[in-house]
Amino acid sequence: MAVNYICRHCKTNMGSIEGSLITEQQLGFHFLTPDERSDIITYESNGDVTVKVACDYCNEALNSNPELMLVNNPLQ
Ligand SMILES: [Zn+2]
């Protein structure tokens, strides 16, 4: 399986982790509430996992413009 990280805002591919021994504990998923998990983590049909995070660029944009959080794709 692979865990792919993409930016939830601009869809930038932020890297991926390959391996069959990755646990949710190692990824920190167990810290998330069920709602956060379903929002952030997508289990693909091929067994991969997609994790939606915010890249540095979008993080910075959101920090300086918190109201952008309310918009789905603020940078497009
Ligand atoms: Zn981004």
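Which element of the protein has the lowest mean pLDDT, and which the highest? I looked this up before anything else. Helix α1 (residues 24–27) has the lowest mean pLDDT, 80, and β1 has the highest, 94. I noted that pLDDT is the predictor's confidence in each residue, from 0 to 100.

**Ground rules.** I am reading a predicted model: local features need pLDDT of at least 70, side-chain atom pairs count only at pLDDT 80 or more, and totals for chains, interfaces and linings use all residues. Residues are numbered from 1 along each chain as its sequence is written.

**Overview.** I checked the confidence of the whole protein. Its mean pLDDT is 86, and 88% of its residues reach 70 or more. Next I listed the elements. The protein has 3 helices and 4 strands. Helices (H or I, at least four residues) and strands (E, at least two) are DSSP runs, numbered from the N terminus. From the N terminus on, I read the order β-β-α-α-β-β-α.

**The sheet.** In what order do the 4 strands stand in the open sheet? I found β2-β1-β4-β3, with mixed pairing. The edges belong to β2 and β3, each with a single partner strand, so one side of each has no neighbour in the sheet. I also looked up the turn between neighbouring strands, which is 20° on average, direction ignored. The axes behind this angle are lines fitted to C-alpha atoms, for helices over the stretch in contact, and angles run from 0 to 180 degrees between N-to-C directions.

**Strand pairs.** Two strands pair if DSSP finds at least two bridges between them. I went through the pairs one by one.

- β1 (residues 2–7) and β4 (residues 49–53) are parallel, with 5 bridges. Here I found N4 opposite T50 in β4.
- β1 and β2 run antiparallel, joined by 5 bridges. A2 has E18 in β2 as its bridge partner.
- β3 (residues 41–43) and β4 are antiparallel, with 3 bridges. I41 stands opposite V51 in β4, and Y43 stands opposite V49 in β4.

**Two hairpins.** I then turned to the loops. β1 and β2 form a hairpin with 5 residues between them. K11 lies in that loop between β1 and β2. Its phi is near 65°, a positive value in a residue other than glycine. I checked the general rule: most residues other than glycine have a negative phi. The hairpin of β3 and β4 also has 5 residues between the strands. There G47 takes a positive phi near 95°.

**Buried or exposed?** I wrote down the cut-offs. A residue is buried if 20 or more other C-beta atoms lie within 10 Å of its own, exposed if 12 or fewer, and partly exposed in between; C-beta atoms are placed from the backbone. Of the 76 residues of the protein, 1% count as buried. In β2 (residues 13–18), the number buried is 0 of 6 residues, so the strand lies largely in the open. K11 is partly exposed, because 13 other C-beta atoms are within 10 Å. T42, found in strand β3, also counts as partly exposed, because 13 C-beta neighbours are inside 10 Å.

**Distances.** How far apart are T42 and N4 in space, C-alpha to C-alpha? I found 9.8 Å, with their positions 38 residues apart in sequence. Last, I looked at contacts. Two residues are in contact if their C-beta atoms, placed from the backbone, lie within 7 Å. Of the contacts with a separation of 6 or more, 47% come from residues 24 or more positions apart.
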